[in-house]
Amino acid sequence: MATQPTSVLGTTATSFPRSHEKITSPKDTPFFVGNEFRYSKTESFIDVHDPATNNLVTRVPQMTKAELEEVVASAKDAFPGWKAMSVIARQRIMFNYVSLIKENWDRLAAVITLEQGKTLADAKGDVLRGLQVAEAACAGPEYMKGEVLEVAKDMETRTYKEPLGVVAAICPFSGYSLPGLDFPAMIPLWCIPIATITGNTVILKPSERDPGAAMVLVELAEKAGFPKGVINVVHGTHDTVNFILDSPTIKAISFVGSNKAGEYIYTRGSANGKRVQANLGAKNHAIVLPDSDKEATLSSIASAAFGAAGQRCMALSVAVLVGETRDWLPELVEQAKALHVDGGFEDGADLGPLITPQSKARVESLVADAEKEGAKILLDGRGYKPKQYPNGNWVGPTIISDVRPSMQCYKEEIFGPVLVCINVDSLDDGIELINKNDYGNGTAVFTSSGASAERFRRNIEAGQVGVNVPIPVPLPMFSFTGNKRSMAGGGANTFYGRPGVSFYTQTKTVTSKWSSQNVSSGKAEMSMPTQS
Ligand code: NAD
């Protein structure tokens, strides 16, 4: 009889949570070092709750300094061997990794739904977007090719891309995503595949609010054949982040999260001589022109504003209504009312709860402030509770109209299922409004006019532009190209794709001179090499 596969994590490819039922004895989350799960000796833990019920799911340790040092030492020890392995050999491991992620797709999604709250369909999309980065990283041999040029007689210059050493990734609880697709698996996968295929060893710090998917991903990495110490996981909050920022062994940091944490991490990490790429917060606008296809535009806006309960850095959070399109709002309200807010494991759920009670309170208070400042609450999701889950962090879809740029609900990233609507008279007024905003992650225009789309494309100051596409996130053969305050350093370093490879490698140029008289007369090798 086949034995049931086991896992320290308590889940397997076929056995994982399928409901919000209370876990009777929740297990603490281990850290991962030397390809083993280990439990921290700390006495300080962060509780993780199911956002639909607020039942305890796990506790995440604030690891001790000695444990953090041990993980860094393990990653450091693993680096020379991993760097020396050919990129073809690393590629074979990446192929195994891709296939294991596919096998564990439903398990990863279920863990995300339980800890993060999003619907199962949405969580599956999260896994897919991360998987696509791992698939693209399988092209590592192509990405790692250098250049060569004969620069003089018998003299040539070559370039080599070399890994940096130990690199760290600090992740948020959330991410971006296309409608219906999103992140706690995706953001670790923005970093692990590109960092490792290029020959670095990695220390990952998942969000303390939803670490589960990252833990499954490292279990799979060990099964795929990554050697000990190549991929590691640490846990904790500020102390762990500060340890990473100050560790002289760590050469580069990838951060995704809020501006408050990210600007601090970028400044302190850079001051310590590290490379830092940091994707930050957002306020994504869509301009709606009267010549757009009304039905398609409104459903795109509803899904991009309210999907994942608005907890995406690419959520469409501001509708800029040009001229008569302000009269389309009642239809948008009807579409938003039809969305089903429920536990993420429930069939038919369109959006789930917010991550914590604090997030819910913050979102509700921003809506209340908007009302006080004179905006109109056309649809109010405050106070909504699905019958089965009265204790979750619920906010239903909310639409605020007649918003002015001076209002707090416009100035702050709300990170909830709230759409703010601003009326303008022309496309140019809309472009001016968007360009004045501090953030520059994503933006979109809805129109049937090629000329208007082109005018928008040329003049808009945001990094990721959609034309009739509400969440224009590029796939991994491109790069994630936010700008302004949405990416530290104004967008100089962008995640994944060829720029991601540049971030994780140092270019070395070698100029050689060999006299043309030097000719070897050794015996020819007749067979094809079999070792890489
Ligand atoms: P967060 O900044 O609270 O947390 C991100 C990480 O930083 C976590 O690992 C956390 O432990 C750590 N951290 C938090 N505060 C810190 C501090 N003061 N000092 C040091 N470390 C700290 O972000 P979040 O709430 O988990 O995620 C939501 C935010 O992430 C939103 O602003 C969203 O727009 C942004 N985000 C951006 C992108 C992007 O690609 N631009 C993608 C996903 C999420």
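Me: How do you know which classes of residue form the shell around the ligand?
Reply: By class, this shell has 14 nonpolar, nine polar and four charged residues. The model is a predicted one, and Gly counts as polar here.

Me: What makes a residue part of that group around the ligand, and which residues come nearest?
Reply: A residue counts as near if one of its heavy atoms lies within 4 Å of the molecule. There are 27 residues around the ligand, and Cys 171, Glu 208, Arg 209, Ser 258 and Glu 413 come nearest.

Me: Why is the pair formed by Ser 258 and the ligand called a polar contact?
Reply: The cut-off is 3.5 Å between N or O atoms. A polar side-chain atom of Ser 258 lies 2.5 Å from an oxygen atom of the ligand, so the pair is within the limit and counts as a polar contact. Asn 279 also places a polar side-chain atom 2.9 Å from a ligand oxygen. With Phe 173, it is a backbone N or O atom that lies 2.9 Å from an oxygen atom of the ligand.

Me: How much of the ligand's accessible area does the protein cover?
Reply: On its own the ligand has 840 Å² of accessible area, and the protein covers 91% of that.

Me: Why is the ligand said to lie between two domains?
Reply: Domain 1 (31-281 + 485-508) and domain 2 (284-438 + 442-467) both give residues to the shell, so the ligand lies between them.

Technical notes: Residues numbered from 1 in each chain as written. Predicted model: local features only at pLDDT ≥ 70, side-chain atom pairs only at ≥ 80, totals over all residues. Heavy atoms only, no water. Polar contact = N/O pair within 3.5 Å; in protein donor to acceptor, adjacent residues only side chain to side chain. Areas by Shrake-Rupley, 256 points an atom, 1.4 Å probe, with all protein chains shown as cover. Domains from an automatic or database assignment.
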